[in-house]
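Here is a short report on one protein chain. Please look at the sequence and the 3D structure first, then read on.

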Amino acid sequence: MPFIIRMFFRGCTWRRKTKEKVIYLTFDDGPVPETTPYLLDLLDEYGWKATFFCVGENVQRHPELYREILARGHRTGNHTFNHLRGTRCSTEEYVDNVHKAAEYIDSPLFRPPHGRMKGNQRRRLREQYEIIMWDVLTRDYNKLLSPDYILGKIRRLSRNGSIVVYHDSVKARNNLLATLPRAIEFWNEQGFRCGLL
């Protein structure tokens, strides 16, 4: 993410500063039955753990999937109740939506959908949450991007402490499943290990 954009989001975590070869793998927008169970099996197969930024209404619909994420040793974060874009609503509406999601998601971590929120929203939420952004956005939800393009981006941008964003949504499923095994194999070959936020 360009420095100028990060300057507008001071106080947010874009990457963990570390000399260790650690990748923080994250998934947004789930849990959904079409993608999340397969993803959990895949992560088990490779022995990797991740942080799932869950949408509250998806957890409300699929509480068993949320419990399964935690039971398998992963971590969760709040991603609003309705995948609300902060720039399109008031601070009160946004914060209330995050609090509604917190009724279903017990976590000190928050990620704004689309990475967009107003300064007042950020300041209010920082009182209760560590706001997690990213330094590697796969854009796996974009059907115009090929798996090879996405994988090339991951290989080029991954570094110590990188926070990588995938999506366990229906829209991202094809690119996710085509690239995640190869990405994990690449990280393993490069000596990276997984970390939990």
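A residue counts as buried when its relative accessible area is under 20%, as exposed when that area is over 50%, and as partly exposed in between. Keep those limits in mind. Also note that this model is predicted.

**A buried threonine**

Start with T13. This residue sits in the loop between α1 and β1. Is T13 buried or exposed? Its relative accessible area is 13%, so T13 is buried. What does T13 touch, once neighbours within four places in sequence are left aside? The contacts are E130, I131, I132, M133, W134 and I163. Y129 is 116 residues from T13 along the chain, yet the C-alpha atoms of the two are separated by 11 Å.

**Two nonpolar cores**

Next come the cores. The largest nonpolar core has 32 residues. Within this core, L25, F27, L43, F52, Y166, L180 and W187 touch the most other members. Several elements give two or more residues to this core: β1 (22-28), α2, β2 (51-54), α4, α7 (147-157), β7 (162-167) and α8 (173-189). Which element gives the most? That is α8, with six residues.

There is also a second, separate core, made of 23 residues. Among them are F9, Y24, L84 and Y129.

Now zoom in on Y166. Again, neighbours within four places in sequence are left aside. Y166 is in contact with L25, T26, F27 and D28. Y166 also contacts T138, D140 and I154. L176, T179, L180 and A183 complete the list of its contacts.

**Two packed helices**

Two packed helices are described by the angle between their axes and the distance between the axes. Take α2 (residues 36-46) and α4 (residues 63-71). They pack at an angle of about 10°, and their axes are 11 Å apart. Angles under 35 degrees count as roughly parallel. Therefore α2 and α4 are roughly parallel to each other. Which residues meet here? T36, P37 and L40 come from α2, while L65, E68 and I69 come from α4. By class, this contact has four nonpolar residues, one polar and one charged.

**Salt bridges**

The count of salt bridges comes to 10. Three of them are listed here, with the N to O distance.

| Pair | Distance, N to O |
|---|---|
| R193 and E20 | 2.5 Å |
| R61 and E57 | 3.7 Å |
| E92 and R124 | 2.8 Å |

Where do the partners of the R193 and E20 pair lie? R193 is in strand β8 (residues 193-194), and E20 is in the loop between α1 (3-8) and β1, so this pair ties together parts that are 173 residues apart in sequence. R193 is partly exposed, with a relative accessible area of 43%. E20 is partly exposed too, at 43% relative accessibility.

The R61 and E57 pair stays inside one helix, α3 (residues 56-61). The two residues are four residues apart, about one turn of the helix. R61 is exposed, at a relative accessible area of 52%, whereas E57 is partly exposed, at 21%.

The side chains of E92 and R124 also meet in a salt bridge. This pair links distant parts of the chain. E92 lies in helix α5 (residues 91-102) and R124 in helix α6 (residues 119-126), 32 residues apart. E92 is partly exposed, at 45% relative accessibility. R124 is partly exposed as well, at 30%.

Finally, D41, D44, E68 and R72 form one network, joined by salt bridges that share partners.

Terms used:
Residues are numbered from 1 along each chain as its sequence is written. This is a predicted model: local features need pLDDT of at least 70, side-chain atom pairs count only at pLDDT 80 or more; totals for chains, interfaces and linings use all residues. Side-chain values use heavy atoms; hydrogens and water are left out. Axes are lines fitted to C-alpha atoms, for helices over the stretch in contact, and angles run from 0 to 180 degrees between N-to-C directions. Angles under 35 degrees count as roughly parallel, over 145 as roughly antiparallel, 65 to 115 as roughly perpendicular and the rest as oblique. Contact means heavy atoms within 4.5 Å. Ala, Val, Leu, Ile, Met, Phe, Trp, Tyr, Cys and Pro count as nonpolar, Asp, Glu, Lys and Arg as charged, and the others, Gly among them, as polar. A nonpolar core is a set of buried Ala, Val, Leu, Ile, Met, Phe, Trp, Tyr and Cys residues joined through side-chain atoms within 4.5 Å. Buried means under 20% relative accessible area, exposed over 50%, partly exposed in between (1.4 Å probe, protein chains only). A salt bridge is a side-chain nitrogen of Lys or Arg within 4 Å of a carboxyl oxygen of Asp or Glu.
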